[in-house]
Amino acid sequence: GRRREPERWLQRTVGTEILFGVAPCSMALAHARRDLFQLFLKRTGGSPRPALGELALQATARGVPVCHVPRRELDRLCRGQVHQGVCLEATPLHYRSLGDAETPHEGAEQGRQPRVVWLVLEHIQDPMNLGALLRSAYFLGVDRVVTSHRNSCPLTPTVSKASAGVMEVFDVYSTDDLQSFLKAKAAEGWEVVGTVSNPEEVEDVPVINCLEFRWEKPVIIVIGSEGEGLSLETQLLCHRMLAIPPGRALHRGIESLNVSVATGILLHSICSQKRRHGD
């Protein structure tokens, strides 16, 4: 009978995942960093929304089969997430190794260009926060994002959706040994700058207002986990810690901003210096 038809369409290939949302699916189709298997669009009685029609054209041009399915099938495919009428079956994206990234050209470029900024994420576990962090980093001009390999969430479809598709175009790197990586960059002349929501909790590292930061050389901004902040080992490798001054006396128990919001503010205060200098 007709009711069984969708089940036939929704055959999945082993090892794939389901991207959802217009921006992630469109970016994945455009940038060919994944192997793509099927595009699922919401079946409509009338003419499809322009964005969905555009996705169908993109998929056809790439040779990706397009299946029109009822909304409930899309809900099932992405487990009730906000799919905007589109899902895409594709192979997962993974973190890139830092070893793959170093090229002589890139090193030469950084030697000539002091205003390079990398964002380092220690133990970010919430996929919504990770996606929001990637979106801000890309928009504000961060040159590279590096995460700690342990205790960080993987690059899932939820992260891609929260990043508004940025994850599909912006490489994200991972390191097994965050402390050794930071020591090596400091030895190369980079400034390692940590972040803190409560300056009284920091010992042995100077804390400054983020608006007072002056950018003189390549900089790494290190962001800690949602609940714990930076680990003590990582704090002690920072040359300075940046704090965002609150705009009022805070009620007891209300201490900090969401990690992705705080990072956006810090990145803007630093990256705006990059633009002012015309680099």
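## Aromatic pairs, a helix and a core

The count of aromatic pairs here comes to three. Keep in mind that this is a predicted model. Let's start with the rings, then look at helix α7 and the nonpolar core.

**Aromatic rings**
- Trp118 and Phe181 are stacked, with ring centres 6.2 Å apart and 10 degrees between the planes.
- Trp118 sits in strand β6 and Phe181 in helix α9, so their pairing ties together parts that are 63 residues apart in sequence.
- Both rings belong to buried residues: Trp118 has a relative accessible area of 1%, and Phe181 has 10%.
- Tyr138 and Phe170 make an edge-to-face pair, because their planes meet at 65 degrees, with centres 5.5 Å apart.
- Tyr138 is partly exposed at 45% relative accessibility, whereas Phe170 is buried at 11%.
- Trp190 joins Trp118 and Phe181 in one aromatic cluster.
- Arg144 lies over the face of Tyr173, 4.4 Å from the ring centre.

**Helix α7**
- This helix covers residues 127–140, and its 14 residues should span 20 Å at 1.5 Å a residue; the end C-alpha atoms are indeed 20 Å apart.
- Asp126 caps the N-terminal end, with a side-chain oxygen 2.7 Å from the backbone nitrogen of Met128.
- After the helix comes Gly141, with a positive phi near 100 degrees.
- Buried residues in α7 include Leu130, Leu133 and Ala137.

**Nonpolar core**
- The largest nonpolar core has 33 residues, and Leu119 and Val145 touch the most other members.
- β6, α7, β11 and α11 each supply at least two residues of this core.
- Among the contacts of Leu119 beyond four places in sequence are Ala137, Val145, Ile221 and Leu267.

Key:
Residues numbered from 1 in each chain as written. Predicted model: local features only at pLDDT ≥ 70, side-chain atom pairs only at ≥ 80, totals over all residues. Heavy atoms only, no water. Helix = DSSP H or I, 4+ residues; strand = E, 2+ residues; numbered from the N terminus. Expected span 1.5 Å × (residues − 1). Buried < 20%, exposed > 50% of the residue type's maximum accessible area, 1.4 Å probe, protein only. Polar contact = N/O pair within 3.5 Å; in protein donor to acceptor, adjacent residues only side chain to side chain. Core = buried A, V, L, I, M, F, W, Y, C linked by side-chain atoms within 4.5 Å. Contact = heavy atoms within 4.5 Å. Phe/Tyr/Trp six-rings, centres within 6.5 Å; stacked < 30°, edge-to-face > 60°. Lys NZ or Arg CZ within 6 Å of the ring centre and 35° of its normal.
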